[in-house]
Amino acid sequence: MAFGTNIRTYFEGTWHEGDVAVMRAADHGIWQGSSVFDGARLFDGLVPDLDLHCARVNRSAEALMITPTVDAAEMVEIAREGLRKYAPDAAVYVRPMYWAVDGSELGVAPQSNSTRFALCLEEVAMPAADKSTTVTTTQFRRPVLANNVCNAKAGCLYPNNARMLVEAQRKGFGNALACDAMGNLAESATANVFLVRDGVAFTPIANGTFLAGITRARHIANMRAAGMEVHEAVLTLDDVRKADEVFLSGNFAKVTPVTAFDDVQYGDNPVTKRIRELYWDWAVSQPL
């Protein structure tokens with residue numbers, strides 16, 4: 001998915017300039033969907049939580065029965081080596097990924113210890129601090145662990161997200177709020193979601209239907225460290241309608257204010273702005 005510029009690809013033990021081909025026609029990952037990835041961000045000379053993203057891609061691989069082949073600490077060093085080629089002020093999307101090469105004797109299941117790894121760096125600007133979106137409902141829901149790999153950042157999950165986004169776009173909105181199988185709020189089509197009411201923040205409790213993100217956890221920790229009240233709870237779409245503020249939380253933009261949910265409009269977002277400031281302050285405080 002090339003949506004930026006200045007791409008560098010680590011594959012088969014070395015760095016390559018550009019968006020090089022890494023997957024073969026008969027690789028299990030291309031025809032049976034056994035692929036996982038993760039995403040970190042370089043911005044303002046910072047790469048916050050890079051170690052956590054690298055560790056998670058290994059857990060995602062294990063969830064899809066793909067054997068991880070690169071230690072998380074080694075992955076961090078590979079990423080940092082590649083990032084040194086970029087300008088000091090560059091914003092870069094960092095994507096480590098695995099896919100299975102061969103199928104097992106079962107065919108559909110991947111073979112153990114038959115894995116390929118790549119790491120893609122792609123220069124993509126950070127969204128502006130005031131970049132916002134609007135959200136609507138979607139007919140599509142998040143799966144449960146019994147019928148999909150909700151405990152992994154897996155490529156096979158994203159067509160469902162794409163259906164949500166296309167539906168939302170056709171309705172004139174930027175994103176969709178997805179419910180779980182019980183009809184409770186889970187997340188948006190692309191990121192976790194937070195609500196704010198009377199100065200208190202709420203986010204859906206992790207129930208196995210969505211990936212509770214690294215950036216989501218960072219926001220919760222930052223808010224609590226600052227003395228702010230935040231709760232993980234069972235939430236409904238009616239809770240969204242009654243909120244004073246809504247924002248999305250994800251690695252790509254960190255914080256995205258929501259200005260409208262269907263016909264409900266949200267005004268100023270002071271808590272959302274504060275949470276964004278807390279994140280940037282925390283990121284600056286971390287070792288480079």
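Which helix does G29 lie in? Keep that question in mind; Exercise 1 takes it up.

This is a predicted model, in which local features need pLDDT of at least 70 and side-chain atom pairs count only at pLDDT 80 or more, while totals for chains, interfaces and linings use all residues. Residues are numbered from 1 along each chain as its sequence is written, and side-chain values use heavy atoms, with hydrogens and water left out.

**Exercise 1. Place G29 and S114, and list what they touch.**

Step 1: G29 lies in helix 1 (residues 28–31). Helices (H or I, at least four residues) and strands (E, at least two) are DSSP runs, numbered from the N terminus.

Step 2: G29 counts as buried because its relative accessibility is 8%. Buried means under 20% relative accessible area, exposed over 50%, and partly exposed in between (1.4 Å probe, protein chains only).

Step 3: Look for contacts, meaning heavy atoms within 4.5 Å. Not counting residues up to four places away in sequence, G29 touches M23, S34, W99 and A100. The C-alpha atoms of G29 and D102 are separated by 8.3 Å, although the two are 73 residues apart along the chain.

Step 4: S114 is in the loop between strand 5 and strand 6. With 7% relative accessibility, S114 is buried too. S114 touches W99, A100, V101 and D102, again leaving out residues up to four places away in sequence. Its C-alpha atom and that of H28 are separated by 9.5 Å, with their positions 86 residues apart along the chain.

**Exercise 2. Find the residues with the most contacts inside the largest nonpolar core, and the elements that supply it.**

Step 1: A nonpolar core is a set of buried Ala, Val, Leu, Ile, Met, Phe, Trp, Tyr and Cys residues joined through side-chain atoms within 4.5 Å. The largest one here has 32 residues, and Y98 and L119 have the most contacts inside it.

Step 2: At least two residues of this core come from each of strand 4 (40–42), helix 2 (50–63), helix 3 (72–83), strand 5 (92–100) and strand 6 (115–123). Helix 3 gives the most, with six residues.

Step 3: Now inspect L119. Leaving aside neighbours within four places in sequence, its contacts include W15, M75, I78, A79 and V94. Another core lies apart from the largest one; it has 17 residues, among them L177, C179, V193 and L195.

**Exercise 3. Check the span of helix 2 and see what its buried residues pack against.**

Step 1: The expected span of a helix is 1.5 Å times one less than its number of residues. The 14 residues of helix 2 should therefore span 20 Å, and its end C-alpha atoms are 20 Å apart, which agrees.

Step 2: The buried residues of helix 2 are L50, H53, C54, R56, V57, N58, S60 and A61. They pack against strand 3 (35–37), strand 4, helix 3, strand 5 and helix 5.

Step 3: Just after helix 2, M65 takes a positive phi of about 65°.

**Exercise 4. Describe how helix 5 meets helix 7.**

Step 1: Helix 5 (residues 214–225) has twelve residues that should span 16 Å, and its end C-alpha atoms are 16 Å apart, in agreement.

Step 2: The axes of helix 5 and helix 7 come within 10 Å and cross at roughly 100°. That makes the two helices roughly perpendicular. Axes are lines fitted to C-alpha atoms, for helices over the stretch in contact, and angles run from 0 to 180 degrees between N-to-C directions. Angles under 35 degrees count as roughly parallel, over 145 as roughly antiparallel, 65 to 115 as roughly perpendicular and the rest as oblique.

Step 3: T215, R218, H219, N222 and M223 of helix 5 make the contact with I275, L278, Y279 and W282 of helix 7.

**Exercise 5. Decide whether E12 and D44 are buried or exposed.**

Step 1: E12 is in the loop between strand 1 (5–11) and strand 2 (14–17). Its relative accessible area is 59%, so E12 is exposed. Phi of E12 is near 55°, a positive value in a residue other than glycine.

Step 2: D44 is in the loop between strand 4 and helix 2. D44 is exposed as well, with a relative accessible area of 56%. Its phi is positive, about 55°, although D44 is not a glycine.
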